[in-house]
Amino acid sequence: MLAGVATSQTVQGTNNQINVGNLFADQALNVVTVEEGVTATTTAAGNTFGLTAHGADAGVTSNQDNQGTISAHGVVDVSGSMGASSNVATTAVGNGGTAFAAYATVSGFMVQTNTGAVTALGQIEGPTAQAGDVVQSTMAAGNSQGLLLVNGSMGARVSQNNQADIAADGGAVLQYVSGTAVVAGTAAGNNIELTGANQSAARVITDQNNGAANVTATKFAAYGNSYLTTTAATASGNNLNAANEGTLLDVASHQYNTAYVRAQAEASSYQFGGAQATAYGVGNSAMATNYNGPGLVLDNVQVNDGGGVEVIASFEGNSGYDAGSSATAIGNAVSGYACNLCGGSTTANNSQANNVDVSARATTTVRGSGRAVVGVSTATGNNATFSVTN
């Protein structure tokens with residue numbers, strides 16, 4: 001694979017990390033009234049590693065092993081006002097890695113193993129408080145690997161093994177929201193994100209095994225009076241998201257999940273403008289997209305076994321305008337896309353097996369009056385979509 005700039009320097013490196021201790025990151029903010037907003041960031045990680053190659057080729061071998069319990073807990077207590085715009089983020093990860101190729105070529109072999117429970121809990125407590133715009137996000141992952149390219153090329157093999165429970169929990173309680181409130185939680189046993197831009201090329205082989213008992217994302221939100229609100233929960237045993245803009249995206253993805261996967265998003269608002277509760281749960285998910293690039297090769301194998309997938313979404317309000325809830329549960333999901341206007345072609349081989357129960361439940365309740373009420377509930381064993389479009 002070749003990308004825009006030729007280089008003469010090559011850097012080789014090896015990373016070996018093991019964490020056996022328990023890590024706890026706790027933060028509490030006590031607020032009466034602020035004007036501009038509240039920012040609270042809480043992060044806990046067993047092992048982290050980053051590689052950047054800019055204008056010089058690089059090769060790396062990375063081994064990360066986390067055995068300790070990882071816990072991040074961020075709470076904001078507010079009695080008066082959170083101000084115009086607030087962001088509360090809580091993140092916990094067993095092993096986290098990134099590899100970045102900019103105008104360079106990177107080759108890598110990354111191995112991540114997590115056997116310690118990972119929990120992220122984020123909460124806003126303001127039963128008598130008001131807020132403008134609010135984002136409250138919670139993310140938990142056993143293993144997470146990022147692959148980033150800007151006019152670069154990358155050949156990588158990523159192997160992830162998670163054997164511990166993963167949970168992203170929390171929510172928000174506020175009396176009045178005058179702007180937009182987003183309360184979202186994401187939990188994954190194993191996660192890989194590839195992003196390529198400016199005529200990049202990537203060839204990756206990924207192996208993801210999630211043998212944990214549970215992977216759960218749970219979000220609860222309660223408002224007295226709100227303008228626009230979204231409450232969302234996403235849980236996946238194994239997740240791969242590869243998106244490239246360039247000559248080639250070649251992905252071989254192998255995913256095996258035996259965990260019980262649960263996503264639950266529940267919200268209520270006595271008076272509301274627009275309110276949405278969305279929950280998405282999947283045993284194995286793989287997405288490969290080559291925007292503005294002609295070539296996509298995808299070899300996908302997925303097996304979902306063990307505990308099953310359960311998804312719950314609900315919204316309840318008294319009176320307002322638009323209200324809805326959406327619950328989507330899938331055993332295995334894969335999608336591939338290539339750009340047709342670029343002379344695109346897609347080569348795909350797909351094998352999926354779901355051996356467990358999959359359930360989705362959505363409930364929307366308006367006790368007084370409303371303009372529109374929408375509910376969507378979808379349960380699928382295996383889903384595959386491949387397309388070459390404009």
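This is a short talk on one sheet and one pocket in the structure above. Keep in mind that the model is predicted.

Let's start with the sheet. It is open and has 8 strands. The order reads 1-4-7-10-12-14-16-18, and the pairing is parallel.

Now the edges. Strand 1 covers 10-19, and strand 18 covers 345-354. Each has a single partner strand, so one side of each is left without a neighbour in the sheet.

How are neighbouring strands of this sheet turned against each other, on average? The answer is 0°, with direction ignored.

Let's zoom in on one pair. Strand 10 is residues 153-162, and strand 12 is residues 201-210. The two run parallel, and 10 bridges join them. Take one contact as an example: Asn161 has Asn209, in strand 12, as its bridge partner.

On to the pocket. The largest pocket has a volume of about 240 Å³. Its lining counts 17 residues. Which of them lie nearest the centre? Those are Thr186, Asn191, Glu193, Ser236 and Asn239.

Where does the lining come from? Four strands each supply at least two residues: strand 9 (133-150), strand 11 (166-197), strand 13 (214-245) and strand 15 (260-291). Strand 11 gives the most, with 5 residues.

Last, the chemistry of that lining. By class, the lining of the largest pocket has 8 nonpolar residues and 8 polar ones. The charged class has 1.

To recap: an open sheet of 8 strands with parallel pairing, and a largest pocket lined by 17 residues.

Conventions
Residues numbered from 1 in each chain as written. Predicted model: local features only at pLDDT ≥ 70, side-chain atom pairs only at ≥ 80, totals over all residues. Heavy atoms only, no water. Pairing = 2+ DSSP bridges. Axes fitted to C-alpha atoms, helices over the stretch in contact; angles between N-to-C directions. 1 Å grid on protein atoms, 1.4 Å probe; cavity = no way out; pocket = protein on both sides within 12 Å on 5 of 7 lines; lining within 4 Å. Points joined across faces, edges and corners; volume = space filled by probe spheres on them. Nonpolar A, V, L, I, M, F, W, Y, C, P; charged D, E, K, R; others polar.
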